[in-house]
Amino acid sequence: MNEALIRQFEADGFLALKGFLTPEELAGIRAGWDHFERDIAPTLDRRQVMYEDYADPSTIKQSNALALSPRLGALQHSGTLHDLAVALIGPVEPQQVEYFDKPPGKNQPTPAHQDGYYFCIQPNNACTLWIPLEPVDEANGALTYVKGSHRLGLREHNSSSILGFSQGLAEDPAALGELVSCPVEPGDVLVHHSFTIHLAGPNRSATRRRRTIGYVFFPAGATRDEEAFARYEAALLNQHRSKGLAS
Ligand SMILES: O=C(O)CCC(=O)C(=O)O
């Protein structure tokens, strides 16, 4: 990874890497996703795989369990994604592999948030790599960053009603910095720091999905702030209870 990109990540808190994955790497990720969707997702519980409509599998929207698909899990530990994370934050402890979709016609935005609010770690110097499986633009919910917001530290969050995002930023993100929307194509990779504020609009298209995979890397040796994490988990459970996903 060239030094200029590392400096840019440090300055902006995110990177948009065009054509980062080879066609072979992308094909492997797609195959890993297909295996997860077809064979693994149906065996998981309602909190491990979330749907806009639990009666309709085509409305799958989110999961943190993609590492259960061996091809996806393997990429946490070696290869270009792992090496990218190491180049940006130093030695890593790979965490969950996530799925973010926005089924057409369901109209759910991604509330502005900092991943670090959910992670509750010290040092909170993690990164997420975001990998689109299809073109993502303004119509189907491009990811938008607040440039330089990783330097603002952890901000206040409130409970959100959006399934999959139990917490949203308490402030107006536009008041905190320049909003940079990042349209992407398959093969591109977005990376953000755990303090970088990000959000996405709803999928306004009638037909297109918006399938993306997120690799989370903590810095090696990070410790959990157990009190903050317990608060976060309680808020998450509350949201899931209010939606009938937990008792
Ligand atoms: O894909 C999205 O809408 C949200 C992604 C996200 O929050 C993340 O990758 O940390």
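This tour goes from the whole protein to the ligand shell, the core and a few single residues.

**Before you start**

This is a predicted model: local features need pLDDT of at least 70, side-chain atom pairs count only at pLDDT 80 or more, and totals for chains, interfaces and linings use all residues. Residue numbers start from 1 along each chain as its sequence is written.

**Whole protein**

Show the C-alpha trace. Along the principal axes, the C-alpha atoms of the protein fill a box of roughly 50 × 40 × 35 Å. The radius of gyration is 17 Å, which agrees with the value near 18 Å for a compact globule of 247 residues. That radius is taken over C-alpha atoms, and the globule rule is 2.2 Å times the number of residues to the power 0.38.

Switch to cartoon. The protein has six helices and 15 strands. These are DSSP runs numbered from the N terminus: helices are H or I, at least four residues, and strands are E, at least two.

Colour by burial. Of the 247 residues, 39% count as buried. Buried means 20 or more other C-beta atoms within 10 Å of the residue's own, with C-beta atoms placed from the backbone. Among contacts between residues at least 6 apart in sequence, 82% join residues at least 24 apart. A contact is two C-beta atoms, placed from the backbone, within 7 Å.

**Ligand shell**

Select Phe-100, Thr-110, Asp-115, Thr-128, Trp-130, Leu-143, His-198, Ala-200, Thr-212 and Gly-214; these residues surround the ligand. Each has its C-beta atom, placed from the backbone, within 6 Å of the ligand. Strand 7 (127-132), strand 13 (198-200) and strand 14 (212-219) each give two or more residues to this shell. By class, the shell has four nonpolar, five polar and one charged residues. Ala, Val, Leu, Ile, Met, Phe, Trp, Tyr, Cys and Pro count as nonpolar, Asp, Glu, Lys and Arg as charged, and the others, Gly among them, as polar.

**Core**

Next, select Ala-85, Leu-129, Val-191 and Phe-217. In the largest nonpolar core, which has 53 residues, these touch the most other members. Such a core is a set of buried Ala, Val, Leu, Ile, Met, Phe, Trp, Tyr and Cys residues joined through C-beta atoms within 7 Å. Centre on Phe-217. Leaving out residues up to four places away in sequence, Phe-217 touches Ala-85, Ile-89, Val-92, Pro-94, Gln-95, Ala-126 and Cys-127.

**Helix 5 and the loops after it**

Go to Gly-116 in helix 5. Gly-116 counts as buried because 20 C-beta neighbours lie inside 10 Å. Ser-194 is 78 residues away in sequence, yet its C-alpha is 4.5 Å from that of Gly-116.

Move to Cys-120, in the loop between helix 5 (115-119) and strand 6. Cys-120 has a positive phi of about 55 degrees although it is not a glycine. Cys-120 is also buried, with 20 C-beta neighbours inside 10 Å.

Step on to Pro-123, in the loop between strand 6 (121-122) and strand 7. The peptide bond from Gln-122 to Pro-123 is cis, with omega near -10 degrees. Most residues other than glycine have a negative phi, and most peptide bonds are trans.

**His-157**

Select His-157 in strand 9 (residues 157-159). His-157 is buried, with 21 other C-beta atoms within 10 Å. Beyond residues up to four places away in sequence, His-157 touches His-113, Tyr-117, Gln-167, Gly-168, Leu-169 and Ala-170.

**Last stop: helix 6**

Finish at residues 226-242, helix 6. Its end C-alpha atoms are 24 Å apart, which agrees with the 24 Å expected for 17 residues at 1.5 Å a residue. The expected span is 1.5 Å times one less than the number of residues. Just after helix 6, Gly-244 takes a positive phi of about 75 degrees.

Conventions. A residue is buried if 20 or more other C-beta atoms lie within 10 Å of its own, exposed if 12 or fewer, and partly exposed in between; C-beta atoms are placed from the backbone.
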